[in-house]
Amino acid sequence: MSAALPRNVLAADTAPPRAVVHPLPYVVKDRVVQDSVVKDSSRPQMPAALAPSSTTAAHPSPAAARRRRTELLLKILAPVLGIVAFIGLWALVAKGGSIPGPGATFDAARAVFADPFYRNGPNDQGIGWKVANSLGRVGIGFGLAALVGIPLGFMIGRFRFLAGMSEPIISLLRPVSPLAWLPIGLLVFKGAQSAAIWTIFISSIWPMIINTTVGVQRIPQDYMNVARVLNLSEWKVFTKILFPAVLPYMLTGVRLSIGVAWLVIVAAEMLTGGVGLGFWVWDEWNNLKVENILIAIAVIGVIGLALEQSLLLLAGRFDYAKDRS
Amino acid sequence: MDRHLIVEQAGITFDTKQGPFVALRDVDLTVRKGEFVTLIGHSGCGKSTLLNLVTGLLHPTAGHIFVAGREVAGPGPDRAVVFQNHSLLPWLTCFENVHLAVERVFGGVEPRVRLKARTDAALALVHLEHAAHKYPGEVSGGMKQRVGIARALAMEPKVLLMDEPFGALDALTRAHLQDELIKIVAATGSTVVMVTHDVDEAVLLSDRVVMLTNGPAATIGEILEVDLPRPRDRLALAADARYMACRSAVLAFLYQKQMKQAA
């Protein structure tokens, strides 16, 4: 709905949206203040006092340009140096002989990624299939959790009685280690695949319930007063006030949930088997192909990062916090 | 005399942990159609509470309130409110914020084109056509408050209620908006009840200034008729003897008769 708006430029940043210094609204504001001043004819002394100050910022001095260059260098150089240092450390540790070094791992990765979508039977498939399978399980488990958790969060937030009822249960079940739910899933759903999905579901539902609930409970009273004065229908209250006000909280819940789901899937797949990243790690441990374990760790990390970043990007589009001034 | 808004022996008592707290008692007030009335008093005296009773956000525990012959039972769009903190929905543009109110009031009976025209007209009234498609976060505090006024006026309310609408603005913007409000009210003939703590604002804008005594159990202390000709011009009035007299009458009430004890 608001995708094309200039205030959403912060969505393009990779840093968390709240930390971004965001010049645009201030520029707009300045112009606005001047506008209203020009119109005010009863106060002749004002335009002089508040006249458009200056446009020095348009042409940055050489010193400023130099500062920007250093900053850019820092932004690129520091992470690159970090990665180089990490690989160096890794090579050093690998010299001891217990884990493969960067070179050996890179060669193994070339082999693994050379044919990502091969299929040699049900338990021997390419890395692409493994990732797809793991993501599929996370998607289904997390999707079901969102389908249940978000509406539940809305209801708990809206009705205090329900909040009182659910509070002890949520506080009791939330800290339970995800894998403790796996046997229950195996027992009830009688299948490894559905047990893994169940584990994802039950461990990723809590952040969504809790954040949505908090979002509903923290809707500013002002907004609800507007709804009351306008006497809006329940549907309008939901679509125009409740939902947009809660959306940022909800998306935070979704982001945390995806993170949990991705953490849990690897562990769950280790236990349940099947095609997927988690079982791959376990399988390669049994084969003692440690290079592939390292590759799996890297792949898991990259995908987890991508999931997190894409949700941060999405959340940035719906961040209204700066508007509440 | 035409009695558009009637507050009859109204009072409100809150139940607190320390027992019942009488915030307002025995408030009697009648406002004519097209009249501009301000409520003034020290902070905490219950002037916003009185306004909320008319709004319907609070219910009187004693007495009755009638607007255009009907008793107030709850909030409704016939009593539009301009809130101190503007209360615009940040995810809607200025246009959409006003349109939400227009749609609610006229949605069932008028075609869409007419609703849009009403919204545009309301924004034009406060000179915000150019910012219609900006979000509240992108405009200044004064402009937000103007959108709030446009939203309230677009509903064509029987009474326009304003709760310290300019309290959060800087002095220059406030003066500018007061001047605009004078023109808007003259053009629309609105009946206005406004809460303020600004003596100049009260005298400049009102036909009558209603002064409340200090709480608890606050009530109307005095009512001052501001018999100044309209249109009023702040520069001309600054030296006007009648204006000064009104001003000192309100000041005398606030700082002599109702001197607030040190908290």
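This briefing covers the nonpolar core of a predicted model, two of its residues, and one helix of chain A. Local features are taken at pLDDT of at least 70 and side-chain atom pairs at pLDDT 80 or more, whereas totals for chains, interfaces and linings use all residues. Residues are numbered from 1 along each chain as its sequence is written, with chains lettered from A and ligands numbered from 1 in the order in which they are written.

**Nonpolar core**
- The largest nonpolar core (buried Ala, Val, Leu, Ile, Met, Phe, Trp, Tyr and Cys residues joined through C-beta atoms within 7 Å) has 132 residues, and its largest share, 16 residues, comes from helix H10 (residues 234-272) of chain A.
- Among the residues with the most contacts inside this core are Ile200(A) and Val250(B).

**Ile200(A) and Val250(B)**
- Beyond its neighbours within four places in sequence, Ile200(A) is in contact (C-beta atoms, placed from the backbone, within 7 Å) with residues including Phe142(A), Ala261(A), Val264(A) and Ile265(A).
- Val250(B) belongs to helix H8 (residues 241-257) of chain B and is buried, with 21 other C-beta atoms within 10 Å, where buried means 20 or more, exposed 12 or fewer, and partly exposed in between.
- Outside its neighbours within four places in sequence, the contacts of Val250(B) include Ile40(B), Val199(B) and Leu224(B).

**Helix H3 of chain A**
- Helix H3 (residues 62-95; helices are DSSP runs of H or I, at least four residues, numbered from the N terminus) has 34 residues and reaches 48 Å from its first C-alpha to its last, close to the 50 Å expected from 1.5 Å times one less than its number of residues.
- The number of buried residues in H3(A) is 0, so this helix lies largely in the open.
- Gly97(A), with a positive phi near 105 degrees, follows H3(A).

Terms used: Contact = placed C-beta atoms within 7 Å.
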